[in-house]
Amino acid sequence: MILSRKFFERDTTIVAKKLVGKKIIRKDQNVIYSGIITETEAYRASDDAASHAKNKITKRNHAMFETVGKSYVYFTYGMYNCLNVVARSKKFSAGAVLIRSIHPIDGIEKMEKNRKTRKFSNLANGPGKLTQALKITTRDYGIDMTKKSNLYITTGINPKKINMRTRIGISKAMNKKWNFSIDPKDYF
């Protein structure tokens, strides 16, 4: 079952935690890719100095202020795309969850070609690797992920234990434990 818009209409940190274990599905031409989400990070607005939405709406971040359940894809470090899904409660003006990692299920051979590696553990174990494996680019910005399309999220597995830690690779708001993950070895 595809996750509803209501799923994403909660505090961004709750959605980030609840997305761990869900299944992401990507259709690109005749290829169907999928994987279980194994790591996420929450980014809110006014109370989060590390968020793209901290100060104002821009051409890059406007999706974070718009309809929940839509994709927010941005290009970073001059070489990587990162996939987020917009999520927030009515208490905040903006918010998104970064999908940091997945455990590949379908389309693995194509993922290997896209990533130029046959090492399974290295296919989609980081936000830039994930988008490269699934062929997600900024052209996928604003997709409604609550509807069957070329990018959406469905129910998956029910994790027994979700790990919480501080977010990775940021220089502000480093104390917030808004990174959520499971160890794929416990499930696959």
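In this predicted model, strands β3 and β4 form a hairpin with three residues between them, and Tyr77, which sits in the turn, has a positive phi of about 55°. The two strands, of which β3 covers residues 71-76, pair in the antiparallel sense over six bridges, and Thr76 stands opposite Tyr80 of β4. Strand β4 also pairs with strand β5 (residues 96-106), again in the antiparallel sense, with three bridges joining them; here Val85 stands opposite Val97 in β5. Six of the seven residues of β4 (residues 80-86) are buried, so this strand is largely enclosed by the rest of the structure.

One residue of the interior illustrates these surroundings. Leu83 touches, beyond the residues up to four places away in sequence, Ser71, Tyr72 and Val73 as well as Val97, Leu98 and Ile99, together with Ile24, Leu130, Thr131, Ile136 and Leu151. Leu83 is also named, with Phe8, Leu19, Ile24, Ile102, Leu134 and Ile153, among the residues that touch the most other members of the largest nonpolar core, which holds 50 residues. The elements that give two or more residues to this core are the helices α1 (5-8), α2 (12-19) and α4, and the strands β2, β3, β4, β5 and β6.

The aromatic rings form a further part of the picture, and a search of the whole structure finds three aromatic pairs. Two of the pairs are listed here.

| Pair | Centre to centre | Angle between planes | Arrangement |
|---|---|---|---|
| Tyr72 and Tyr74 | 5.3 Å | 40° | tilted |
| Tyr72 and Tyr141 | 5.8 Å | 90° | edge-to-face |

Tyr72 lies in strand β3, whereas Tyr141 belongs to the loop between α4 (127-134) and β6 (151-154), so their pair ties together parts that are 69 residues apart in sequence. Through ring pairs, Tyr72, Tyr74 and Tyr141 are linked into a cluster. How far each ring residue is enclosed can be given as well: Tyr72 is buried at 1% relative accessibility, Tyr74 is buried with a relative accessible area of 12%, and Tyr141, at 23%, counts as partly exposed. Because the limit for a buried residue is under 20% relative accessible area, Tyr141 at 23% falls outside that class. Elsewhere, a ring is met by a charged residue, for Arg10 lies over the face of Phe7, at 4.6 Å from the ring centre.

Asp11 is found in the loop between α1 and α2, and with 17% relative accessibility Asp11 counts as buried. The side chain of Asp11 makes a polar contact of 2.5 Å with the side chain of Thr13, and another polar contact, of 2.7 Å, joins the side chains of Asp11 and Arg44. When neighbours within four places in sequence are left aside, Asp11 is in contact with Arg44, Ser89 and Phe92.

Thr38 offers another view of the interior. This residue lies in strand β2 (residues 31-43) and is buried, with a relative accessible area of 3%. Apart from its neighbours within four places in sequence, Thr38 is in contact with Val20, with Ser101, Ile102 and His103, and with Phe180, Ser181, Ile182 and Pro184. As for Lys129, which is 91 residues from Thr38 along the chain, the C-alpha atoms of these two residues are separated by 13 Å.

Conventions. Residues numbered from 1 in each chain as written. Predicted model: local features only at pLDDT ≥ 70, side-chain atom pairs only at ≥ 80, totals over all residues. Heavy atoms only, no water. Buried < 20%, exposed > 50% of the residue type's maximum accessible area, 1.4 Å probe, protein only. Helix = DSSP H or I, 4+ residues; strand = E, 2+ residues; numbered from the N terminus. Pairing = 2+ DSSP bridges. Contact = heavy atoms within 4.5 Å. Phe/Tyr/Trp six-rings, centres within 6.5 Å; stacked < 30°, edge-to-face > 60°. Lys NZ or Arg CZ within 6 Å of the ring centre and 35° of its normal. Core = buried A, V, L, I, M, F, W, Y, C linked by side-chain atoms within 4.5 Å. Polar contact = N/O pair within 3.5 Å; in protein donor to acceptor, adjacent residues only side chain to side chain.
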